[in-house]
Amino acid sequence: MSFRRALRLACGLAGGSAALLTAVAVVKKPWAADAEPAPTAPKAPEPPGRGGWDNNWDRREPLSLIKLRKRNEETGEEELASKLNKHKAKATRHIFLVRHSQYNLDGRADTDRTLTVLGREQAEMTGQRLACMGFKYDQIVHSSMTRATETTEIISKYLPGVKKTSTDLLREGAPIPPDPPISHWKPDAVYYEDGARIEAAFRRFIHRADAKQEKDSYEVFICHANVIRYIVCRALQFPPEGWLRMSLNNGSITYLVIHPNGRVALRVLGETGFMPPGKITRT
């Protein structure tokens, strides 16, 4: 019996509210437990770790640079816009992350881990590649470790006049326990120490341009695979624990672009296509 027919019957026979309630009570509810559920469209599964982009990832979003008290004291939109414009980036940063060339793995101390003959060839080719890209480079920042320093000396021959700076922040290390885990990797104490330093390198070097920078910049950072992989994950706001899922060849070039609005693009990851296949190595 349909719901409407049951109501008409109840109202006609009983003519009262009590009968109406009785009739409603006996009508089978379509949402009852024994009723056949209505078909629904399947929902797309949520991607693991999905989240929104953090516009203030480098703590240089203009609004975050204005003191809260001054923000609250603002009375005019034009005055607030003027203050925001003073902190707004205008230029794009082009960042080239270069992994050092092949080196002597048998060396016990860092000073013994010098570039191999092949490693020096790789550095020559990387330097030529950077030069032929046609950019006017602003600076070279390199790890203070021997293999990175030697790679820098060779590459810099092809980028004459570009200032070189050495830093301990970019030294090789274990940034964070990888996921999936590696059984033969480092103990927690190593991650605890190295991770803080490599994160400090990321915060020091990877950010949108300063508001005072008028022109786009092109900067070369010569360091190590673990450091580069961690920086890429952090810059793209990917889970940093996934850094070991990427592989970088010796002398490879990774190209990041940081736009004035804070958006980050990865244009190249570990490029070594400029080397003959027989010259490409990973260790």
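The exercises below, each with a worked solution, walk through the sheet, the pockets and the cavity of a predicted model.

**Exercise 1. Work out the order of the strands in the open sheet, and explain why β3 and β6 each have one side without a neighbour.**

Begin with the strands themselves: 6 of them form an open sheet, and they follow one another in the order β3-β2-β4-β1-β5-β6, with mixed pairing. Next, look at the two ends of that order, where β3 and β6 (264-271) stand at the edges; each has a single partner strand, so one side of each is left without a neighbour in the sheet. Finally, consider how the strands are turned, for neighbouring strands of this sheet make an angle of 20° with each other on average, when direction is ignored.

**Exercise 2. Describe how β2 and β3 pair, and trace the path of the chain from one to the other.**

First, find strand β2 at residues 139-143 and strand β3 at residues 163-167, which pair in the parallel sense over 5 bridges. One place to look within this pairing is I140, which stands opposite K164 in β3. Then follow the chain as it leaves β2, passes through helix α6 (residues 146-156) and arrives at β3, a β-α-β crossover that is right-handed.

**Exercise 3. Determine in which sense β5 pairs with β1 and with β6, and then place α8 relative to the strands.**

Start with strand β1 (residues 93-99) and strand β5 (residues 253-258), which run antiparallel and are joined by 6 bridges; here F96 stands opposite Y255 in β5. Turn next to β5 and β6, whose pairing is also antiparallel and extends over 5 bridges, with E271 in β6 as the bridge partner of I253. These two strands form a hairpin that has 5 residues between them, and G262 in its turn has a positive phi of about 95°. The last step is to add the helix: α8 lies across β1, β4 (217-223), β5 and β6, and runs at about 150° to β1.

**Exercise 4. Give the volume and the lining of the largest pocket, and then do likewise for the second largest pocket.**

For the largest pocket, the volume is about 360 Å³. Its lining is made of 16 residues, and those nearest the centre are R99, A225, R229, R282 and T283. Sorted by class, this lining has 6 nonpolar, 4 polar and 6 charged residues, while helix α8 (residues 225-235) gives the largest share of it, 3 residues.

For the second largest pocket, the volume is about 240 Å³. Among the residues that line it are D54, W57, D58, E199, R203, H207 and R234. Sorted by class, the lining of this second pocket has 3 nonpolar, 2 polar and 7 charged residues, and the largest share of it, 3 residues, is supplied by helix α7 (residues 188-205).

**Exercise 5. State how many cavities of 30 Å³ or more the structure holds, and describe the lining of the largest cavity by class.**

The count comes first: the structure holds 1 cavity of 30 Å³ or more, and the volume of the largest cavity is about 30 Å³. Its lining can then be located in the sequence, where L97, L170, A201, F205, I206, F221 and I231 are the residues concerned. By class, this lining has 7 nonpolar residues, with no polar and no charged ones. As a last step, compare the residue names with those of the second largest pocket: I206 lines the largest cavity, and I206 is also one of the residues lining that pocket.

Conventions
Residues numbered from 1 in each chain as written. Predicted model: local features only at pLDDT ≥ 70, side-chain atom pairs only at ≥ 80, totals over all residues. Heavy atoms only, no water. 1 Å grid on protein atoms, 1.4 Å probe; cavity = no way out; pocket = protein on both sides within 12 Å on 5 of 7 lines; lining within 4 Å. Points joined across faces, edges and corners; volume = space filled by probe spheres on them. Nonpolar A, V, L, I, M, F, W, Y, C, P; charged D, E, K, R; others polar. Pairing = 2+ DSSP bridges. Helix = DSSP H or I, 4+ residues; strand = E, 2+ residues; numbered from the N terminus. Right-handed = clockwise from strand over helix to strand, strands pointing away. Axes fitted to C-alpha atoms, helices over the stretch in contact; angles between N-to-C directions. Contact = heavy atoms within 4.5 Å.
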